[in-house]
Amino acid sequence: MPDSSSTETAFRPLGALLGWIFPGLGHIVAGNTRRGVYAMTGVLFLFLSGVLVGGVDCVDRTEDRLWFVGQAGCGPIAFVASFVNDSQLKSGSAAPMIEMAAPPGAPKVIASTFKGVAHANEFGTLLVFLAGLMNICVILDAAVREPKSDEVIGSGRRSEDARAKPAANSISVGGAQ
Amino acid sequence: MTQSAAHLMSTLAWTPFLQPAPLVQVWWWLLVLPMALGVAMSYKSIRTHDLARWPRDVAWMTTQIVGVIVGIAVGLYLLVLVVLPLLPAE
């Protein structure tokens, strides 16, 4: 016989998958729209800040593979950024290619003049990496959070308003009768 | 050409999202603010029970992160430049 008092949390893989496809989507589809929009805002803010600071070069799945493992937590947008890096910067479409300084005897390295270096590249990579890690937290939350659970949260002023509204409605309905 | 004029020209020639931001090499330490804000926004979106408190929780957590980082920086500054020189050489 199932125990009705059990507090075991159900794992919803679809919510996790949707949260990976786009940050916050897992919450939004489950009916926790406001929470999903807030999560999306936070993760996209980190992601876009990183790409703005470091350029698209800070997402690179071939040269910075270990960083990209974390950045991939953002979902397809990280792969798109890496693809744009390959197709625009590394191909020389966006800016001319130049020969980088290399130690004597080392093979020549050709790179885009838009390639990020030093602080810009470090902080850009870090911000996008943090976006990926935070989105993994958001994904895990989307997988275990009850659908439409934000509607039944009973604390603070909002819940008092929610309790007050039905009473106000019943008065107006009663008045109409 | 002065340094500020060079900064202005590199900023005007900047291609956002394709090219690294030009003034980051000088003002990189200010990036701790968007980093702390983004982490706080994401974290509090899943940890805040009542979402009406989200903006206030984000502001408070951002302040905490920045405050701790500044505190560590000041502590390390004092340790390296004040305390360590006072120690005997041997």
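## The interface between the chains

About 3000 Å² is buried between chain B and chain A, and 73% of that area comes from carbon and sulfur atoms. Please keep in mind that this is a predicted model. Three residues stand out on the chain B side: B:Phe17, B:Leu18 and B:Ile46 supply 22% of the area that chain B buries against chain A, more than any other three residues. Counted by contacts, the interface brings 44 residues of chain A together with 29 residues of chain B.

What about the polar side of the interface? Nine residue pairs, with both partners at pLDDT 80 or more, are in polar contact between chain B and chain A. The salt-bridge rule, by comparison, finds zero across this interface. As for the elements involved, helix H2 (24-27) and H3 of chain B each give at least two residues to the side of chain B that touches chain A. H3(B) has the largest share of that side, with 11 residues.

## How chain A is built

Let's turn to chain A on its own. Seven helices and two strands make up its list of elements. Reading from the N terminus, the order is α-α-α-α-α-β-β-α-α, so to speak a helical run with the two strands placed between the fifth and sixth helices.

Chain A has 177 residues, and 40% of them count as buried. Its exposed surface comes to about 9800 Å², with carbon and sulfur atoms supplying 66%. Among contacts in chain A with a separation of 6 or more, 62% join residues 24 or more positions apart.

## A core shared by both chains

In soluble globular proteins, nonpolar side chains tend to be buried together. Here, the largest nonpolar core holds 39 residues. Which of them touch the most other members? They are A:Leu46, A:Phe47 and A:Val59.

This core draws on both chains. From chain A, helix H3 (33-54), helix H5 (76-90) and helix H6 (118-144) each supply at least two residues, as do helix H3 (32-47) and helix H4 (54-86) of chain B. The top contributor is H6(A), which gives eight residues.

## A closer look at A:Val59

A:Val59 is worth a visit in the viewer. Leaving aside neighbours within four places in sequence, A:Val59 is in contact with A:Val51, A:Phe68, A:Gln71, A:Ala78, A:Ala81, A:Ser82, A:Asn85 and A:Val128. As one of the three residues that touch the most other core members, A:Val59 makes a handy starting point for exploring the model.

Conventions:
Residues numbered from 1 in each chain as written. Chains lettered and ligands numbered in written order. Predicted model: local features only at pLDDT ≥ 70, side-chain atom pairs only at ≥ 80, totals over all residues. Heavy atoms only, no water. Helix = DSSP H or I, 4+ residues; strand = E, 2+ residues; numbered from the N terminus. Buried < 20%, exposed > 50% of the residue type's maximum accessible area, 1.4 Å probe, protein only. Contact = heavy atoms within 4.5 Å. Areas by Shrake-Rupley, 256 points an atom, 1.4 Å probe, with all protein chains shown as cover. Core = buried A, V, L, I, M, F, W, Y, C linked by side-chain atoms within 4.5 Å. Buried area = accessible area lost by both parts, 1.4 Å probe. Salt bridge = Lys/Arg side-chain N within 4 Å of Asp/Glu carboxyl O. Polar contact = N/O pair within 3.5 Å; in protein donor to acceptor, adjacent residues only side chain to side chain.
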